[in-house]
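These are my notebook entries from a first look through this structure. I wrote them in the order in which I looked things up.

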Amino acid sequence: MSEHILTNKQGRVGVITLNRPDVLNAWHSEMRQQLIAALDTFCNDDALGAIVLTGAGERAFSAGQDLNETRAFDAERAERWVGEWEALYGKMRSSPKPIIAALNGVAAGSAFQVALLCDFRIAHADVRMGQPEINSGIASTTGPWIMREHLGLARTIDLTLSGRLMNADESHALGLINRVVAADQVLPEALALGEELADKPPVAMRLDRQRFKEITEPGFRDCLEAGVRIQREAYASGEPARMMEAFLKR
């Protein structure tokens, strides 16, 4: 099996690395399953107190969905696709341990959402983040939910409909990036924060994260239900396949 996900332990911090640098760490079904498995392993490791999620290479945390996979979807496969995201996002939301995103490059689309589902985000000045799914013909459903939780409706509309990427300064000013450091310090800073969080009382940490999950659960369930309906309609229309094909040719 290809190692689309790499894992290692550094002290009391488990490190998960997205490992498809040739395609900017874009993910497909197999990679998502490996990421869920890695999160599950670290969540159940009593020797660890925090998790860091980062990307291989210097260009991207992740470009999000691999369009070479989704351009072939029909309505039935699109519905199962929503279920795959439910499994990944649910695993992140249920982690008893804090998760830190070490953003080594662009975080776009579903990768932007994954970064926002982490508890902290460490980045460098050249990092760009946003929700460009509309540019490749993907209707956004989970994206608007998680963005509105952080940004409110007006900025969520801006990012969803324009598809623009924010630079690190804007993301930091909006509170999406917690710390901006030199590029070679992103991972060390994330590991240091992980060790600091691992010192916190583990039961209180688990219960605090559990409570954040509880208060955001209605919105999460709503966006998944909408996702099934919306993605079925979108893929039945044929527009996503046409747009993705044109996007990939560009």
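**Entry 1: Arg209 and its surroundings**

I began with a polar contact, and found that a polar atom of the Arg209 side chain lies 2.5 Å from the backbone oxygen of Ser95. I note here that I am working with a predicted model, and I read every value below as computed from it.

Where does Arg209 sit? I found Arg209 in helix α9. Is Arg209 buried or exposed? Its relative accessible area is 7%, and because the cut-off for buried is under 20%, I entered Arg209 as buried.

I then listed what Arg209 touches, leaving out residues up to four places away in sequence, and wrote down Met92, Arg93, Ser94, Ser95, Pro96, Lys97, Pro98, Leu117 and Asp119. I also looked up Ala78, which is 131 residues from Arg209 along the chain, and the C-alpha atoms of these two are separated by 30 Å.

**Entry 2: The nonpolar cores**

Next I turned to the interior, keeping in mind that in soluble globular proteins nonpolar side chains tend to be buried together. The largest nonpolar core has 53 residues, and the members that touch the most others are Ile16, Leu35, Leu88 and Leu103. Among the elements that give two or more residues to this core I noted β2 (13–18), α1 (29–43), α3 (75–94) and α9 (202–237). There is also a second, separate core of 13 residues, which includes Val13, Val52, Ile100 and Val181.

Which residues does Leu35 contact, once its neighbours within four places in sequence are set aside? I recorded Ile5, Ile16, Leu18, Trp27, Leu53 and Leu88.

**Entry 3: Helix α1**

I checked the length of α1, for which 15 residues at 1.5 Å a residue should span 21 Å, and the end C-alpha atoms are indeed 21 Å apart, which agrees. I then looked up the buried residues of α1, and these include Met31, Leu35, Ala38, Leu39 and Phe42, together with the polar-named entries Ser29, Arg32 and Gln34. The buried residues of this helix pack against β1 (5–10), β2, β3, α2 (67–70), α3 and β5.

**Entry 4: The loop before α1**

I went to the loop between β2 and α1, where I found Leu24 and also Asn25. Phi of Leu24 is near 55°, a positive value in a residue other than glycine, and phi of Asn25, likewise positive in a residue other than glycine, is near 60°. As for accessibility, Leu24 is partly exposed at a relative accessible area of 24%, whereas Asn25 counts as buried at 0%.

**Entry 5: A four-stranded sheet**

Last, I traced an open sheet of four strands, which run in the order β4-β6-β8-β9 with mixed pairing. Why is one side of β4 and of β9 left without a neighbour in the sheet? I found that β4 (60–62) and β9 (165–167) stand at the edges and each has a single partner strand, so one side of each has no neighbour there. From one strand to the next, the twist averages 20°.

Looking further into the sheet, I saw that β6 (residues 106–108) and β8 (residues 128–130) pair in the parallel sense over two bridges, and that Ala108 stands opposite Gly130 in β8. Helix α4 packs on this sheet, touching β4, β6, β8 and β9, and its direction makes about 100° with that of β6.

Technical notes:
Residues numbered from 1 in each chain as written. Predicted model: local features only at pLDDT ≥ 70, side-chain atom pairs only at ≥ 80, totals over all residues. Heavy atoms only, no water. Core = buried A, V, L, I, M, F, W, Y, C linked by side-chain atoms within 4.5 Å. Buried < 20%, exposed > 50% of the residue type's maximum accessible area, 1.4 Å probe, protein only. Contact = heavy atoms within 4.5 Å. Expected span 1.5 Å × (residues − 1). Pairing = 2+ DSSP bridges. Axes fitted to C-alpha atoms, helices over the stretch in contact; angles between N-to-C directions. Polar contact = N/O pair within 3.5 Å; in protein donor to acceptor, adjacent residues only side chain to side chain.
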